[in-house]
Amino acid sequence: MPAPRAPTLAHYRPETRLVHGGTLRSQFGETSEALFLTQGFVYETAEQCEARFTGDEPGFLYARLANPTVAMFESRMAAFEGAEAARATASGMAAVNAALMGQVRAGDHVVAAKALFGSCRYIVEDLLPRFGVASTLVNGTDLDQWRDAVRPNTRAFFFETPTNPALEVIDIAAVAAIAHAAGATLTVDNVFATPLYQSPLAHGADCVVYSATKHIDGQGRCLGGVVLASEAFIQKHLHHFLRQTGPSMSPFNAWVLLKGLETLPLRVRRQTETATALSVMLAGHPKLKRLVYPGRPDHPQADIVRRQMRGGSTLLAIEIDGGKAAAFRFLNALRLLAISNNLGDAKSLVTHPATTTHQRLTPEQRAELGISDGLIRISAGLEHPDDVAEDVLNALKAV
Ligand SMILES: Cc1ncc(COP(=O)(O)O)c(C=O)c1O
């Protein structure tokens, strides 16, 4: 039984939808969305309770299935993404797991890009095969590899773009066309771009997943995830999987994330300005071997970025000359930017992927993905851009 839905305000621009979309006002007429910290609901009569369970009367039953605050977050996300339906989960990984597991059964085959966040790669490479679902990993930027990987039992394609951490960009429309010709679906992890800069559904993807932990919260407070797709896709693949397995988002986290969405465009645009300024300042720096930034004309997939994305990125990747020792000297010399494995935060964060998010991979697998020991991912925060730039330049002097 669907929970009550607020209007999606589709005729408004994203900024407006992010402030008003999904709001379900209670009888008290509160300005800010109410936080419904309740596991369950009570009914006026036994007949009403029965009608709720049969679906004849819309309403809430139990917070594992739906909760008013979580429903507001889901509606606001659907309005932002331009998707018919959304389901919130306890973390980004719960969203990825549900989106993939919900679609397949033993005997099926999944194709995914190699350049996946470590836990996503674990699901595709290790977990799915344990349940009889074969998987093939391909170089996501090579369309022939997607085509060649298709088997008669291929059911789902999966990739993230821009990729974590090397910021490669994969052509969503081209891979969606290959998936659909094979009778498979395409799920895209849109964490790095956010719905502000990239709309995978509009480019042919069937399903989009987010770690709401990143830009959607944007202030380092809570975990969350969300899956977005057509109503038919959600009903077919996710509705029962999520209700029965229970990776539900807590109402408190949904409330924090709802408020996060209101300021997301302001934060992401400001973070992008800082990341862009860093990319300009650091281009050609003598201590760097490589700089990757999706907004730059020298990005390896600059033409796809222009076609597919509405903005650059809040993240950039730099490769320090001198491997791990030099990278660690740089990290340890930073005074303002914090060493972390998170991203999309108000605080500028730096990550050494080879020893953190991607340390599970072999050195050969990392090399294949451009994750050298000198690679550092910078997530621009909301500090004054000049303070961030000065800290990075000073730390480079220590290399
Ligand atoms: C691209 C990508 N997908 C998924 C996740 C998983 O999200 P969460 O940590 O919220 O489970 C992350 C980060 O952790 C990520 O960077």
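Where is Leu-167 found? Leu-167 belongs to the loop between E4 and H7, and that loop is a good place to begin a walk through this predicted model.

To find the loop, look for strand E4, which covers residues 154–160, and helix H7, which covers 172–181. Pro-162 lies in the loop between these two elements, and Pro-165 is in the loop between E4 and H7 as well. The backbone around both prolines deserves a slow look. Going from Thr-161 to Pro-162, you meet a cis peptide bond, with omega near -10°. The bond from Asn-164 to Pro-165 is also cis, and its omega is near 5°. Then comes Leu-167, where phi is near 60°, a positive value in a residue that is not glycine.

Asn-164, whose bond to Pro-165 is cis, also takes us to the next stop, as it is one of the residues around the ligand. Glu-160, which falls within the span 154–160 of strand E4, is another residue of this shell. Turning around the ligand, you will also come across Ser-91, Gly-92, Met-93, Phe-117, Cys-120, Asp-189, Ser-211, Thr-213, Lys-214 and Gly-224. By class, three residues of the shell are nonpolar, six are polar and three are charged.

Which pocket holds the ligand? The ligand sits in the second largest pocket. Several contacts there are worth picking out one by one. In the side chain of Thr-213, an N or O atom is 2.6 Å from an oxygen atom of the ligand. Ser-211 places a polar side-chain atom 2.7 Å from a ligand oxygen. With Met-93 the backbone is involved: one of its polar backbone atoms is 2.8 Å from an oxygen atom of the ligand. As for how the ligand is covered, the accessible area that it has on its own is 390 Å², and the protein covers 90% of this.

One more stop brings us back towards strand E4. Which residues form an aromatic cluster with Trp-146? The partners are Phe-157 and Phe-159, and the three together make up one aromatic cluster. Both of these phenylalanines have numbers inside the range 154–160 that belongs to E4. In the structure as a whole there are four aromatic pairs. If you would like to describe such pairs yourself, the distance of the ring centres and the angle of the planes are what to use.

Notes:
Residues are numbered from 1 along each chain as its sequence is written. This is a predicted model: local features need pLDDT of at least 70, side-chain atom pairs count only at pLDDT 80 or more; totals for chains, interfaces and linings use all residues. Side-chain values use heavy atoms; hydrogens and water are left out. A residue is near a molecule or strand if one of its heavy atoms lies within 4 Å of it. A polar contact is a pair of N or O atoms within 3.5 Å; within protein, one must be able to donate a hydrogen and the other to accept it, and residues adjacent in sequence count only if both atoms are side-chain atoms. Accessible areas come from the Shrake-Rupley method with a 1.4 Å probe; for residues, only the protein chains shown count as cover. On a 1 Å grid over the protein atoms alone, a cavity is a set of points where a 1.4 Å probe fits but cannot get out, and a pocket is an open set with protein on both sides within 12 Å along at least five of seven lines; lining residues have an atom within 4 Å of a point. A molecule sits in a cavity or pocket if more than half of its atoms lie within 2 Å of its grid points. Ala, Val, Leu, Ile, Met, Phe, Trp, Tyr, Cys and Pro count as nonpolar, Asp, Glu, Lys and Arg as charged, and the others, Gly among them, as polar. Rings of Phe, Tyr and Trp (its six-membered ring) pair if their centres lie within 6.5 Å; planes under 30 degrees apart count as stacked, over 60 as edge-to-face and the rest as tilted. Helices (H or I, at least four residues) and strands (E, at least two) are DSSP runs, numbered from the N terminus.
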